[in-house]
Amino acid sequence: MLSYTTILVGSSIFVLYVIHKYLDFRKAVQSIQDHPGYRTLFTVALPIIPKHIRGICPGHLTGWSRKHGEFEEAGWDIASVVSALPAARVIIMLADPAAIKEVTSSRARFPKPVEQYKVLSFFGSNVVITEGDEWKRQRKIAAPAFSERNNRLVWDESINIMLDLFENVWGTQDSITVDHIVDLTVAIALLVIGIAGFGQRATWTGGEVVPAGHSMTFKDALHEVSTRVHMKLILPNWVLNWGPTETIRHFKLAYDNLERYMVEMVQARKTGEKKEERYDLFSNLLDANEEESEGQAKLSDGELIGNIFIFLIAGHETTAHTLAFTFALLALYPDEQEILYRHIKSVLPDGRRPNYEDMGSLSYSMAVFNETLRMFPLAEDTTLVTSNAAGEKLTVPVPQGTYVTIHTPGLHYNPRYWEDPHVFKPSRFLGDWPRDAFLPFSGGPRACVGRRFSETEAVAILSLIVSRYKVEVKEEPQFAGETFEQRRERLLKCGSSITIYPVRAPLVFKRR
Ligand code: HEM
């Protein structure tokens with residue numbers, strides 16, 4: 001039996017703890033002058049709790065599902081989240097273009113919380129997971145890899161890959177059913193990153209040989225690692241080495257193969273006597289690293305591999321998933337698809353192969369891609385930490401240690417900048433549009449280095465497909481009576497891994 005004294009001491013300690021936490025919480029609220037937003041008991045947005053539970057915890061998908069809703073409730077385009085446990089924490093969420101610009105352009109005051117990204121270091125240190133001078137050094141070598149010559153390669157190879165698909169896979173069929181559009185766009189994007197990222201060409205029909213010292217083709221290793229990369233993130237090395245299941249063993253084999261391919265590519269470039277003219281990202285990165293830059297340390301072999309691997313992680317799924325949303329939207333909005341088709345036909349009336357030079361004229365394809373990125377910004381939000389005492393131009397004080405979040409869905413659905421933000425209207429991206437209110441690739445010096453890569457790939461693929469095939473939603477008897485709204489909700493329902501993606505979007509491509 002617990003004595004009366006023990007109970008008294010225990011409950012007094014508990015009461016003191018609660019008072020202490022409450023005072024910390026009040027202090028946190030006052031530090032931002034009680035700026036409107038929501039208040040929760042717990043800090044963490046665990047992946048297991050996707051939705052915000054009022055007063056209890058912020059959810060990790062809340063930003064995405066509520067879009068600009070948080071800010072409408074707060075009455076400002078800057079809103080706050082203050083939570084109490086385990087320690088009081090303030091998050092400032094931004095959907096205001098001017099405030100976001102202030103943050104993205106002063107990275108020294110708002111550094112990235114790189115410790116949250118450390119899991120992405122397993123192939124080696126890289127530009128995504130570093131900050132300060134170390135980030136500058138890596139970015140200076142990584143950025144020139146995305147050269148104009150690389151963009152041209154992305155274009156040419158994307159067109160080759162689509163023509164190979166049409167001729168050798170889809171063949172003479174008039175109607176091709178794709179049960180889940182993500183499977184198709186992931187396969188396309190993988191072939192593009194294989195050749196334009198790593199200089200490794202592969203075809204739809206296979207036939208590539210497995211080189212000596214390997215047990216898998218480059219394409220298979222890349223496919224396995226990129227689709228199951230979460231295994232490396234969640235499973236400790238000893239489990240991977242042990243390999244308790246067939247899936248884990250297969251992943252480990254692919255991972256080892258890919259790593260060996262990368263090491264061999266670095267070695268081949270170093271020992272090769274005659275340099276080939278190659279403009280894939282990997283070759284460009286190796287070239288940029290060879291060029292002497294005053295006082296700047298080169299990337300080590302480990303950092304080279306780390307960076308090329310991060311290009312794969314950052315660039316493959318993002319482009320594939322955005323393209324998947326694009327095709328789903330075009331199938332849902334046939335009138336918009338027709339406008340796009342007519343525009344492509346006006347640029348390419350004779351049905352010839354589109355060239356890189358045509359990209360500028362294919363402005364409607366670009367507008368469709370942009371509108372998809374506005375409605376489905378893949379990076380739900382970007383979090384930064386303040387390092388100064390107060391952000392002068394912000395309308396709320398930003399005390400040291402505050403997390404500042406660029407709330408991309410809040411910004412992209414902000415009605416002050418986007419008329420009818422919930423409507424799919426690609427034409428809003430023709431002519432003048434509010435550039436500061438469109439940040440799918442983030443902004444400032446730390447913005448996406450692969451933006452032009454993905455835009456080039458998307459415009460090439462989209463233009464070629466739509467010029468030859470009409471995209472429709474697959475008719476399924478179980479959904480025969482659904483309304484447009486129900487159909488739209490079904491096709492655009494999002495799941496979330498590293499990026500968001502459509503959970504199940506069955507489409508049909510009909511030859512025009
Ligand atoms: C639709 C396609 C894409 C989207 C929506 C996208 C989005 C983004 C965003 C929002 C960031 C900033 C992340 C942050 O600050 O936390 C970023 C950074 C980055 N992206 Fe992309 N990206 C795309 C395609 C690509 C491609 C194709 C590549 C490479 C092949 C790439 C490579 C990178 C890299 C290396 C960074 C880090 C830059 C740095 O920290 O200096 N991305 N991307």
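**Exercise 1. Locate Asp34 in this predicted model, and determine what is notable about its phi and how accessible the residue is.**

Solution. Begin with the position: Asp34 sits in the loop that runs between α1 and β1 (37-42). Next, take the backbone angle, which for Asp34 has a phi near 50°, a positive value in a residue other than glycine. To judge this, recall that most residues other than glycine have a negative phi. Finally, consider accessibility: Asp34 has a relative accessibility of 46%, and because the partly exposed class spans the range between under 20% (buried) and over 50% (exposed), Asp34 counts as partly exposed.

**Exercise 2. Place Asp24 in its helix, classify its accessibility, and state how far apart Asp24 and Ala87 are in sequence and in space.**

Solution. The helix is α1, residues 4-31, and Asp24 lies in it. With a relative accessibility of 27%, Asp24 counts as partly exposed. The pair is then compared along the chain and in space: Asp24 and Ala87 are 63 residues apart in sequence, while their C-alpha atoms are 8.0 Å apart.

**Exercise 3. Identify the geometry of the peptide bond that joins Leu85 and Pro86, and say where Pro86 lies.**

Solution. Omega for the bond between Leu85 and Pro86 is about 0°, and the bond is cis. As background, most peptide bonds are trans. Pro86 itself is placed in the loop between β2 (78-85) and β3 (89-94).

**Exercise 4. Describe the loop between α16 (408-412) and α17 through Ser442 and Gly443, and then follow the chain into α17 as far as Ser454.**

Solution. The first step concerns Ser442, which lies in this loop and has a phi near 60°, a positive value in a residue other than glycine. The second step concerns Gly443, which is placed in the loop between α16 and α17 and is buried, its relative accessible area of 8% falling under the 20% cut-off. A spatial reference for Gly443 is Pro502: the two are 59 residues apart in sequence and 25 Å apart in space, C-alpha to C-alpha. The third step moves to Ser454, which lies in helix α17 and is buried, with a relative accessible area of 7%. The side chain of Ser454 reaches the backbone oxygen of Arg451 at 3.0 Å.

**Exercise 5. Work out which residues and helices form the shell around the ligand, and which side chains make polar contacts with an oxygen atom of the ligand.**

Solution. Start with the count: the ligand is surrounded by 26 residues, of which the closest are Trp135, Arg139, Gly315, Arg446 and Cys448. Then assign secondary structure, where α5 (132-142), α13 (301-332) and α17 (451-468) each supply at least two residues of the shell, and the largest share, six residues, comes from α13. By residue class the shell divides into 15 nonpolar, eight polar and three charged residues.

The last step looks at individual distances:

- In Trp135, an N or O atom of the side chain is 2.8 Å from an oxygen atom of the ligand.
- In Arg139, a polar side-chain atom is 2.7 Å from an oxygen atom of the ligand.
- In Arg446, a polar side-chain atom is 2.9 Å from an oxygen atom of the ligand.

Each of these pairs qualifies as a polar contact because the cut-off is 3.5 Å.

**Exercise 6. Decide how many disulfides the structure contains, and support the result with Cys448 and Cys494.**

Solution. A disulfide is a covalent bond between the sulfur atoms of two cysteines. Searching the whole structure yields zero disulfides. Cys494 is in no disulfide, and the nearest cysteine sulfur, that of Cys448, is 20 Å away, whereas the cut-off for a disulfide is 2.5 Å. As for accessibility, Cys448 is partly exposed, with a relative accessible area of 38%, and Cys494 is partly exposed as well, at 23%.

**Exercise 7. Find the cavities of 30 Å³ or more, and characterise the lining of the largest cavity.**

Solution. Rolling a probe the size of a water molecule over the atoms shows where empty space is left. Across the whole structure, one cavity of 30 Å³ or more is found, and the volume of the largest cavity is about 50 Å³. Its lining consists of Ser226, Val229, Leu312, Ile313, His316, Glu317 and Ile498. Sorted by class, these divide into four nonpolar, two polar and one charged. Helix α13 gives the most to this lining, with four residues, and α13 also supplies the largest share of the shell around the ligand.

Technical notes:
Residues numbered from 1 in each chain as written. Predicted model: local features only at pLDDT ≥ 70, side-chain atom pairs only at ≥ 80, totals over all residues. Heavy atoms only, no water. Near = heavy atom within 4 Å. Polar contact = N/O pair within 3.5 Å; in protein donor to acceptor, adjacent residues only side chain to side chain. Nonpolar A, V, L, I, M, F, W, Y, C, P; charged D, E, K, R; others polar. Buried < 20%, exposed > 50% of the residue type's maximum accessible area, 1.4 Å probe, protein only. 1 Å grid on protein atoms, 1.4 Å probe; cavity = no way out; pocket = protein on both sides within 12 Å on 5 of 7 lines; lining within 4 Å. Points joined across faces, edges and corners; volume = space filled by probe spheres on them.
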